[in-house]
Amino acid sequence: MSFSHYDLHHVTGGSVVEVILKGSAANVRLMDTSNFNSYKAGRNHQYIGGLAKKSPVRLPVPRSGTWHVVVDMQGLVGTTRSSIRVIPAAALQPLPEINEAPLRSIPTLVRDVREEGPPVSAESADTRTFDVFISHASEDKDEVVRPLATALRAAGLDVWYDEFELRIGDSLRRKIDKGISRSRFGVVVLSQAFFGRGWPEYELDGLVTRTVSGDQNLLPVWHKVSKREVIQYSPSLADRLARNTATHTVEEIAVEIIDVIKTPSAA
């Protein structure tokens, strides 16, 4: 397969790669070294970009490291010429900072729905409610999610976390639906591994639905993603009060969540 390859070497996260095309539409892919090697070998690979019908194409660099751009005509007809430049993060228009207000300063962050409670299924005698439902990608368990869930439970919170709740033979969908519907607070760990994944996005849809209806409140936790990437994925999520593992430790995030749930005035 014929393609144009640009080795960008080390690029700082938050920069933007601008690709200028002259001619037909083309496939434009931004990849790290591992995925570029998979691309060359014809194996499955992940990339940022896709079919480009207009020029210029601007691709955000999600993290610092070695990056490659490939332009090819796979599945397309015609020809195109390309050129490329990297726009440093410092040269870009500054984006709004994450809202760093204390969680407990948001008076309606958590509503106590224990009195009214969700409807109980006749199929199960399990009528528990949960303080927190944690939605995440499995790739983030070791670094973020398991320590967070363990810290919340150690503080006396009722936590719906798959490793605490799921057993062999359980219906995954029913257990997730029940956990979401009976949780007062939704924590979603947004990361590159989360974006585009089936079950995490299924959970997020449920959490957002309950948040919009006022039955639950949502706290996004950003893990190794930039403001620009979250905006690309979901502008509404990017505008929410959030915590970032780049600026807060998991322990600090856990302490804030514990504080806001246990503070009576927040209910």
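**Exercise 1. Which residue stands opposite valine 69 in strand 6?**

Solution. This is a predicted model: local features need pLDDT of at least 70, side-chain atom pairs count only at pLDDT 80 or more, and totals for chains, interfaces and linings use all residues. Residues are numbered from 1 along each chain as its sequence is written, and side-chain values use heavy atoms, leaving out hydrogens and water.

- Start with the elements: strands (E, at least two residues) and helices (H or I, at least four) are DSSP runs, numbered from the N terminus.
- Leucine 30 is the residue opposite valine 69.
- Strand 3 (residues 26–32) runs antiparallel to strand 6, joined by six bridges. Two strands pair if DSSP finds at least two bridges between them.

**Exercise 2. Find what else pairs with strand 6, and say how enclosed strand 6 is.**

Solution.

- Strand 1 (residues 3–11) pairs with strand 6 in the antiparallel sense, over eight bridges.
- Histidine 10 has threonine 66 as its bridge partner.
- Buried means under 20% relative accessible area, exposed over 50%, partly exposed in between (1.4 Å probe, protein chains only).
- Seven of the eight residues of strand 6 (residues 65–72) are buried, so strand 6 is largely enclosed by the rest of the structure.

**Exercise 3. Sort the two sides of helix 5.**

Solution.

- Buried in helix 5 are Pro200, Glu203, Leu204, Leu207, Arg210 and Thr211.
- They cover an arc of only 130° around the axis, so they lie on the same side of helix 5. The arc is taken from the directions from the helix axis to the C-beta atoms.
- Gly198, Asp205, Thr209 and Val212 are exposed on the other side.
- After helix 5 comes glycine 214, with a positive phi near 85°.
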